[in-house]
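Dear colleague,

I am handing over the structure we spoke about, and below it you will find a short account of what turned up in it. Please keep the structure open while you read, so that you can find each part as it is named.

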Amino acid sequence: MNLVRCICFIWIAMAINFSVYFSNVEGRYHYHKSPKKDSSSNYVSKPPAYAPSNSPAGPSDQVEDQCTFDVTDFGAVGDGSTDDTDAFMSAWKAACAVDSGVLLAPADYTFTITSTVFSGPCKPGLVFQVDGVLMPPDGPDCWPKSDSVKQWLVFYRVSGMTLTGSGTIEGNGGQWWELPCKPHRGPHGSTLPGPCESPTLVRFFMSSKLVISGLRIQNSPQMHIKFDGCNEVRIEKLSIFSPALSPNTDGIHIENTKSVGIYNSVISNGDDCISIGTGCSDVDIENVICGPSHGISIGSLGVQNSQACVSNIAVKNVVIKNSDNGVRIKTWQGGMGSVSDISFENIQMENVKNCIILDQYYCLMKNCRNQTSAVHATNISYKNIKGTYDVRTPPIHFACSDTVPCTNITLSEVELLPEQGELVDDPFCWNAYGTQETLTIPPIDCLQDGEPETLTESVNYEC
């Protein structure tokens, strides 16, 4: 029995003139009902090579040249309890093998699948479309013993793929958060010892030219979506939600990934809204609402005396509310490398602790020893940062290494007022050099003018 019917209409005359469209990413956008805002001009450096989502429609938008592989045709039940993993794998192999193939998880079904790696390479224009609900087994007790507990859905070595849809990826994270070794879960607020692995919900690994759009991703056991070793990634119109006290539930995490745009999304979770790890460059974040959360973070960098390199990051037109941090850079003592060319602009704070924080003494233990080397933080701009802060912590905190100062910090139009209570008038600076282009509120007089005379020659801060 033929489980899949592929209907492909080809207009020969158009194919002769525009065949290039059939193999590029633009063809993946024909599911959208309205054009998207063009954000490609906001990239700090060069944008990803694929076309922006509101480019004029090409022939691939007008020709139904895609083959749809509905997982229910492959035996998926979608009743919320049956294991549909095999059906998804079969549909993936079929969609992966054709140009512009679509794996469809249709609406009005709830599909359960176990930890799975969807591997490429695949034909161009692949779409993984979730219109229903997709979820893992419910908690660690239901997790198959043979499956990885570090990750659930993994997309490996795929290029030119879109993950999209009107549905929900549900993480069933509640029981994972209650594990006794999780932060804040021990008696009297302590953390109990022991292994504590929990799966990242969605991971892209060694992949390129990706588009992730439109989905709701919620209640992840750990990170909601992670990109590792990827290149040219566009993320837009995502809704990411988990409770404010859910531990380690970063919304979007990237590491060793370049040329990333994150746009027009809402993230509320129990850890960083967006976290940027080592090896990242050319990242543009714009029009994101963040909170409750731990804010937008670069780092932590340089753990266990490692080298970390992060550069060319722009965060613009963002709202951060009811969060433990606003915009944060955090590095460990003893690291090497640099974090450079960072821009935070047009950020609205609403009842945020540590609105602006650069912490080079990041440590998760007590009595961390001071070390000579450090990740060099330089060329960092804060412009038009306004709103309110929680008076329990100073709104501005620059704690830089004793031996490797932070350099070329620029402050302009920073106006932060207490949400409640009196103005905190003692922002903290240590070994931080830079310029105030305008007076700040609260006033900050601890930033040192100009540049330090020398950086320690023995410290390797170049990348």
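**Disulfides and one helix**

In this predicted model, a disulfide joins cysteine 96 to cysteine 122, with 2.0 Å from S to S. The two partners come from distant parts of the chain, 26 residues apart, since cysteine 96 sits in helix α3 while cysteine 122 sits in the loop between β5 (116-119) and β6 (127-130). The torsion about their S-S bond is about -100°, and therefore the disulfide is left-handed. Both ends are buried: cysteine 96 has a relative accessibility of 11%, and cysteine 122 has a relative accessible area of 19%, where the cut-off for buried is under 20%.

The helix that holds cysteine 96 deserves a look of its own. Helix α3 covers residues 85-96, which makes 12 residues, and from its first C-alpha to its last it reaches 16 Å, close to the 16 Å expected at 1.5 Å a residue. Its buried residues are Thr85, Ala87, Phe88, Ala91, Trp92, Ala95 and Cys96. Seen down the axis of α3, these buried residues fall within an arc of 160°, so they line one face of the helix. The face turned away from that buried side carries Asp86 and Lys93, which are exposed.

How many disulfides does a search of the whole structure find? The search finds five, and two more of them are described here.

Cysteine 273 and cysteine 290 are joined by a disulfide with 2.1 Å from S to S. Cysteine 273 lies in the loop between β18 (258-268) and β19 (274-276) and cysteine 290 lies in strand β20 (residues 280-290), so the pair ties together parts that are 17 residues apart in sequence. Here the torsion about the S-S bond is about 100°, so this disulfide is right-handed, and both cysteine 273 and cysteine 290 are buried.

Cysteine 429 and cysteine 446 also form a disulfide, their sulfur atoms 2.1 Å apart, and with 50° about the S-S bond this link is right-handed. Cysteine 429 counts as buried at 11% relative accessibility, whereas cysteine 446, at 23%, counts as partly exposed.

Finally, cysteine 280 is in no disulfide, and the nearest cysteine sulfur, which belongs to cysteine 230, is 9.8 Å away. Cysteine 280 is nevertheless buried, with a relative accessible area of 1%.

With best wishes

Key:
Residues are numbered from 1 along each chain as its sequence is written. This is a predicted model: local features need pLDDT of at least 70, side-chain atom pairs count only at pLDDT 80 or more; totals for chains, interfaces and linings use all residues. Side-chain values use heavy atoms; hydrogens and water are left out. Helices (H or I, at least four residues) and strands (E, at least two) are DSSP runs, numbered from the N terminus. The expected span of a helix is 1.5 Å times one less than its number of residues. Buried means under 20% relative accessible area, exposed over 50%, partly exposed in between (1.4 Å probe, protein chains only). The arc is that of the directions from the helix axis to the C-beta atoms. A disulfide is a pair of cysteine sulfur atoms within 2.5 Å.
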